[in-house]
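Hi,

Here is the structure I said I'd pass on to you. Have a look at it first, and my notes follow below.

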Amino acid sequence: MALKIIDHGTPEYQQMVKLREEILRKPLGLQFTPEELEQEKDHMLIAAVDDGTMRGCCMLVEEDPQTVRLRQMAVTGDLQGKGIGRALMTFAENLARDHGYQVITMHARSNAVGFYEKLGYKTRGGEFEEVTIPHYVMEKKLWRKWSNWQVKRKKIRFKYIATLNNKREKRRF
């Protein structure tokens, strides 16, 4: 399974639209309008592809210079619960972090809140209706991940400070 960024208007993008319609729109009796799809050309489009077939997708939309919104998260029904959603979320979070965003938000369907909570997302406010079903605003702060070198440096510095503090304490007695 490959996780990747795809381009608007490509055959992969058409597969993404089809998957989202099947999973997210068709059960609600909704369809995408050409205007909605045209607006997506400026979004970061993310796909999980296996042997040329779209298995999952989502997109990131800039809300402001520090915040990005996750939208249209979908995984094929037969693969839900198999880790594809988690992998997509990790990929999307890393992508957002790499682009300098500090917070990721979303309008999560009420039946998906538990999934996002396991990934560290928190609900903000109460339930509201969107596309005819209950949703919650959720968000997560994106902390910078440290490289192994940075972690090692912090540990060494902490040990040095702890050693200094111990020597100071011994001198006091």
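To start with the surface: the chain exposes about 11,200 Å², and carbon and sulfur atoms supply 49% of that. Please keep in mind that this is a predicted model. Of the 173 residues in the chain, 34% are buried.

On the fold, I get five helices and seven strands. Going along the sequence, they come in the order β-α-α-β-β-β-α-β-α-β-β-α. If you take the contacts with a separation of 6 or more, 60% of them are between residues 24 or more positions apart.

Now the inside. The largest nonpolar core has 25 residues, and the ones with the most contacts inside it are L60, L70, L88, M89, M106, Y116 and Y121. Two or more residues each come from β2 (44-50), β3 (53-64), β4 (67-75), α3, β5 (103-109) and α4 (113-118). Helix α3 is the top contributor to this core, with six residues. L70 is a good place to start if you want to click around: leaving out residues up to four places away in sequence, L70 touches C58, M59, L60, M89, A92, I104, T105, M106 and Y116. There is also another core lying apart from the one above; this other core has 15 residues, including M16, V17, F32 and M54.

Two of those core residues, Y116 and Y121, turn up again among the aromatics. The structure holds two aromatic pairs. In one, the ring centres of F115 and Y116 are 5.0 Å apart and the planes sit at 70°, so this pair is edge-to-face. In the other, Y116 and Y121 have their ring centres 6.0 Å apart with the planes at 75°, so that one is edge-to-face too. Together, F115, Y116 and Y121 make one aromatic cluster. As for burial, Y116 and Y121 are both buried, with Y116 at a relative accessible area of 6%, while F115 is partly exposed at 30%.

Then the charges. Side chains of opposite charge can pair when their charged atoms come close. A search of the whole structure turns up eight salt bridges, and these are the ones I'd show you:

- E12 and K4: their side chains meet at 2.5 Å, N to O. E12 is partly exposed with a relative accessible area of 25%, and K4 is partly exposed as well, at 30%.
- E36 and R25: the closest N and O atoms are 3.6 Å apart. This pair links helix α2 (residues 34-39), which holds E36, to helix α1 (residues 11-25), which holds R25, and the two residues are 11 apart. R25 counts as buried at 9% relative accessibility, whereas E36 is partly exposed at 29%.
- E93 and K140: the side chains meet at 3.1 Å, N to O. Here E93 in helix α3 (residues 84-98) is joined to K140 in strand β7 (residues 133-141), 47 residues away along the chain.
- R124, E139 and K141: these three are linked in a network of salt bridges.

Are E93 and K140 buried or exposed? The cut-off for buried is under 20% relative accessible area. E93 has 8%, so it counts as buried. K140 has 19%, so K140 is buried as well.

One last spot to look at is Q80, in the loop between β4 and α3. What does the side chain of Q80 reach? The partner is the backbone oxygen of V75, at 2.8 Å. Not counting residues up to four places away in sequence, Q80 touches I23 and V75. The C-alpha atoms of Q80 and R55 are separated by 9.6 Å, with their positions 25 residues apart along the chain. At 46% relative accessibility, Q80 counts as partly exposed.

If you open just a few views, I'd go for L70 and its contacts, the cluster of F115, Y116 and Y121, and the E93 and K140 salt bridge.

Cheers

Notes
Residues are numbered from 1 along each chain as its sequence is written. This is a predicted model: local features need pLDDT of at least 70, side-chain atom pairs count only at pLDDT 80 or more; totals for chains, interfaces and linings use all residues. Side-chain values use heavy atoms; hydrogens and water are left out. Helices (H or I, at least four residues) and strands (E, at least two) are DSSP runs, numbered from the N terminus. Buried means under 20% relative accessible area, exposed over 50%, partly exposed in between (1.4 Å probe, protein chains only). Contact means heavy atoms within 4.5 Å. Accessible areas come from the Shrake-Rupley method with a 1.4 Å probe; for residues, only the protein chains shown count as cover. A salt bridge is a side-chain nitrogen of Lys or Arg within 4 Å of a carboxyl oxygen of Asp or Glu. A nonpolar core is a set of buried Ala, Val, Leu, Ile, Met, Phe, Trp, Tyr and Cys residues joined through side-chain atoms within 4.5 Å. A polar contact is a pair of N or O atoms within 3.5 Å; within protein, one must be able to donate a hydrogen and the other to accept it, and residues adjacent in sequence count only if both atoms are side-chain atoms. Rings of Phe, Tyr and Trp (its six-membered ring) pair if their centres lie within 6.5 Å; planes under 30 degrees apart count as stacked, over 60 as edge-to-face and the rest as tilted.
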